[in-house]
Amino acid sequence: MTTGDVTGSGTGQGGAKIVGSGVGEGPGPDVMGASTLDSTTVITSDGEDVGKIKDIMLDVRSGRVAYAVLSSGGFLGMGDTLRAIPWSALTLDTDQKVFRVDITAERIKSEPGFDKDHWPSMADVSWGTSMHQYYNRHPYWSTASDRLTGSSDSLTGNNPVTGGRDPLV
């Protein structure tokens, strides 16, 4: 089983971290069905329960998990506030069976949320970049070499340095 730092140490790339000794029945925790993680509680760095995972959003073109959608407030699904959390900002705690996020509850609650009828355009690079910055993460579609070389954005195919379209994307 993979282990990691519960604090989320900075701006790591890739997927959610996994901590704890718990290994459940079936294929988890390294490979799990997305529906297995629905309704998992999210705990902030200051120990507050801020809601549950409602959806896991996939970047279909790249085959990567992009965001977890946190649902909080409301009652029986009515009046919930939804918030997108970059997948790399989460740590799965197998001992407590929760996700941990390395920001405070106040910061999560300050994030502009959305409701079930007004989702943001999650494929929009500007929206995605601002969401990742809010959680102090590099966008999931960028790599270390992208940041160093200015190569193209895998969502739009545009080279951030030249502004031109990369013919390979």
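**Strand E5 and the nonpolar core**

Setting aside residues up to four places away in sequence, isoleucine 85 makes contact with Ala66, Tyr67, Ala68, Leu70, Leu90, Val101, Ile108 and Tyr135. The model is a predicted one, and isoleucine 85 is a handy place to start reading it, as it is listed among the residues with the most contacts inside the largest nonpolar core. That core has 31 residues, and Tyr67, Phe99, Val101, Ile108 and Tyr135 are also on the list of those with the most contacts inside it. Strands E3 (49-59), E4, E5, E6 and E7 (98-101) each give two or more residues to the core, as do helices H2 (105-110) and H3 (125-134). E4 provides the largest share, with 5 residues. As a rule, nonpolar side chains in soluble globular proteins tend to be buried together.

Next door to isoleucine 85 in the sequence comes proline 86, again part of strand E5. With a relative accessible area of 0%, proline 86 falls under the 20% cut-off and so counts as buried. Beyond its neighbours within four places in sequence, proline 86 touches Ala66, Tyr67, Met131, His132 and Tyr135. Histidine 138 sits 52 residues away from proline 86 along the chain, yet the C-alpha atoms of the two are 9.3 Å apart.

The rest of E5 is mostly covered too: the strand runs over residues 81-86, and 5 of its 6 residues are buried. E5 pairs with strand E4 (residues 64-72) in the antiparallel sense, over 6 bridges. Within that pairing, leucine 70 has arginine 83 of E5 as its bridge partner. Leucine 70 also turns up among the contacts of isoleucine 85.

Not every buried spot is nonpolar. Aspartate 93 lies in strand E6 (residues 90-93). Its relative accessible area is 7%, which is under 20%, so aspartate 93 counts as buried. Apart from neighbours within four places in sequence, aspartate 93 is in contact with Val19, Val98 and Arg100.

Zooming out, the protein chain holds 4 helices and 7 strands, laid out along the sequence as β-α-β-β-β-β-β-β-α-α-α. Of its 169 residues, 38% count as buried. Taking contacts between residues at least 6 apart in sequence, 49% join residues at least 24 apart. On the outside, the chain exposes about 9,200 Å², and carbon and sulfur atoms supply 54% of that area.

Note on methods: Residues numbered from 1 in each chain as written. Predicted model: local features only at pLDDT ≥ 70, side-chain atom pairs only at ≥ 80, totals over all residues. Heavy atoms only, no water. Buried < 20%, exposed > 50% of the residue type's maximum accessible area, 1.4 Å probe, protein only. Contact = heavy atoms within 4.5 Å. Pairing = 2+ DSSP bridges. Areas by Shrake-Rupley, 256 points an atom, 1.4 Å probe, with all protein chains shown as cover. Core = buried A, V, L, I, M, F, W, Y, C linked by side-chain atoms within 4.5 Å.
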